Amino acid sequence: MKLSIQLGNLVLENPIIIASGVFSPDSASYFPIEAIGAIITKTVTPRPREGNPPPRLLETAAGLINSIGLQNVGIERFIEEELPRYMELGVPIIVSISGETEADFPLMAERLRGKGIAGIELNLSCPNVQRGGMHFGRDAETVFRIVREVKDASSLWVMPKLTPQARDIVETALAGEEGGADAISLVNTFLAMAIDIRARSSRLGTLMGGLSGPAIKPIALRMVYEVARAVRIPVVGCGGIMNAEDALEFLIAGASAVEIGTACLINPSIPAEILDGIRKFMEEEGIDDIRELIGSLKIKPLDI
Amino acid sequence: MKGSFKAKVISKRFLSDDVFLLKLREPIIAEESLPGQFVNLRCSSIYEPLLRRPLSIYDVEEDNFLLLIRIIGKGTKLLSLVREGDELDVLGPLGNPFPYRMYKNPLLVAGGIGIAPLHFLLKKLSFPILLFGARSKSELYGLEDLTKIARVIPFTEDGSEGERGLVTTRLKEFLKGHDVIFACGPMGMLREVVTIAKDVGVPSYISLEERMACGFGACLGCAVKTKKGYKMVCKDGPVMPGEEVII
């Protein structure tokens, strides 16, 4: 049975990728490393960030709102202290990067050259300080420029992670492709709120956070389908995948691989369970190569 | 790999309308747990509620461990409905314990349901003093059993048991001769405990609570502000030095 997939020139043993933000080298012993196709690091920024004030989490109906605030040690300490520990795991490591300005992205990509990483994921769901805090990923032009500058600054494999807050998700994906992206991942969390009705204030330490979990899955799936249909580069699907059936839906919709985020926080052994479930499904369906499943959605004439 | 365990429900006993003691069988958790540590358990086999619930370990008996649980929302409500023989998905033991071996004569301070981690700690000490406060007698959970393993001084706000008033009212007095405070309870109580401990110049360790997801230090969700920046309740705590926490 062939589970290996290809994202441009990046070959993964299987399509299960750990999404950014749910894994740390310190917690590696909780994860079934041998069942993981690739790991995306927590997002790194040019300078250290202390993160947002608590509470940083709120459980909602079938979902989780988080406002962690990209807490991280900054790129220099990351390269020195954390990256070597990721690299020891023997799994392809994709480094998630973000910045405060467009220029931060290529500078960070340059710092990551020659470190043996599998590639870079661009976290575009963060405020652009120079443009009044508007998220980089809102605007297709900006996504195009950032991807191109990162590609120019490094020869690394690059995958922008699209935000569902994009004005037009398909246009944004096409802009990423045109900028030279090797793959596209989507979606990041949905901007969300929750209000304490007695205190008349946000139930999080910040006004808004990002919603993830099963609540967003159907919308994420629709977006992945629309993007996969429009671009020629591989798409990595993400958003509320909790089990093998969910992962299979994304593959059938056109994703070449999937990112597992929130589910890992509840059950860190889930990557192995999802992979087993995919294997079992392929056996039942008599499918020998997982690539046969990718984009295999049948569309009735009326649907178009 | 440190996976989660399937722990079998051995018994469930209600101590009041909304507080119950759950006994679960899992030899490895029972063997490895230390006072102050917690487990993170799923409340249902589906993802509703989505997250696990972090709960302090109340006690360990042979292959079993016990949790003292107050029903405060739908997760704990579901847990209150489990039956003998059911299996629960448990991750743990997690977090750092009370550093009880470093001190000779600790004073323990508990507020209400905050007794949970201190009960386990009491059993590792030889008949220590426990100041145990609550709003009223019915919230002094397990008081009778506690008197068998500790010198318990109860306080209630309504005077229905022990001294009337807050558990911290006479803390300074009781602190004489002790070299550390171990405390767990509501934030207001912990704040007062830390302030008094600082005044007297005695170290304090407090067990904290914060909304939590993974429980093993990956998501950075359960942040608490300290003098050294944000720390995570799950991994840097739940027991933290009182003087470091900004509460």
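Which residue stands opposite I18(A) in β4(A)? The residue opposite I18(A) in β4(A) is I39(A). The model in which this pairing appears is predicted. This report goes through the barrel of chain A, a helix pair in chain A, some backbone details, and then chain B.

**The barrel of chain A**

The strands β3 (residues 16-18) and β4 (residues 38-40) of chain A run parallel and are joined by two bridges. Both belong to a closed barrel of eight strands in chain A, with the order β3-β4-β7-β8-β11-β12-β17-β18. The pairing in this barrel is parallel. From one strand to the next, the twist averages 25°. In general, strands of a sheet pair through backbone hydrogen bonds, and the pairing is either parallel or antiparallel.

Two strands of the barrel, β12 and β17, also meet a helix. Helix α5(A) lies across β12 (184-186) and β17 (235-238) of chain A. The angle at which α5(A) runs to β17(A) is about 170°.

**Two helices of chain A**

Packed helices are described by the angle between their axes and the distance between the axes. Helix α4 (residues 169-179) of chain A and helix α5 (residues 217-230) of chain A have axes that come within 9 Å and cross at roughly 45°. Because of that angle, α4(A) is oblique to α5(A). The crossing of the two helices, α4(A) and α5(A), is right-handed.

On the α4(A) side, the contact is made by I169(A), V170(A), A173(A) and L174(A). On the α5(A) side, M223(A), E226(A), V227(A) and A230(A) take part. Sorted by class, the contact of α4(A) with α5(A) has seven nonpolar residues, one charged residue and no polar ones.

**Backbone details in chain A**

The table lists two cis peptide bonds of chain A, with the loop that holds the second residue named in each bond.

| Cis peptide bond | Omega | Place of the second residue |
|---|---|---|
| P54(A) and P55(A) | about -5° | P55(A): loop between β4 and β5 (57-60) of chain A |
| L186(A) and V187(A) | about 5° | V187(A): loop between β12 and β13 (190-192) of chain A |

Another backbone detail concerns A62(A), which is not a glycine but has a positive phi of about 50°. A62(A) is placed in the loop between β5 and β6 (63-66) of chain A.

**Chain B and its contact with chain A**

The two chains touch: 24 residues of chain B are in contact with 30 residues of chain A. On the side of chain B that touches chain A, the elements giving two or more residues are β14 (223-226) and β15 (229-232) of chain B. This side of chain B has 14 nonpolar, five polar and five charged residues.

**The domains of chain B**

Chain B is divided into domain 1 (5-94) and domain 2 (100-241). Taken over C-alpha atoms, the centres of domain 1 of chain B and domain 2 of chain B are 21 Å apart. Their contact takes 19 residues from domain 1 of chain B and 21 residues from domain 2 of chain B.

Which strands supply at least two residues each of the side of domain 1 of chain B that touches domain 2 of chain B? They are β3 (38-41), β4 (53-56), β5 (59-61), β6 (64-70) and β7 (87-94) of chain B. By class, the residues on this side of domain 1 of chain B are 12 nonpolar, four polar and three charged.

Methods. Residues are numbered from 1 along each chain as its sequence is written. Chains are lettered from A and ligands numbered from 1 in the order in which they are written. This is a predicted model: local features need pLDDT of at least 70, side-chain atom pairs count only at pLDDT 80 or more; totals for chains, interfaces and linings use all residues. Two residues are in contact if their C-beta atoms, placed from the backbone, lie within 7 Å. Helices (H or I, at least four residues) and strands (E, at least two) are DSSP runs, numbered from the N terminus. Ala, Val, Leu, Ile, Met, Phe, Trp, Tyr, Cys and Pro count as nonpolar, Asp, Glu, Lys and Arg as charged, and the others, Gly among them, as polar. Domain bounds come from an automatic or database domain assignment. Axes are lines fitted to C-alpha atoms, for helices over the stretch in contact, and angles run from 0 to 180 degrees between N-to-C directions. Angles under 35 degrees count as roughly parallel, over 145 as roughly antiparallel, 65 to 115 as roughly perpendicular and the rest as oblique. A crossing is left-handed if the near helix is turned anticlockwise from the far one by less than a right angle, and right-handed if clockwise. Two strands pair if DSSP finds at least two bridges between them.
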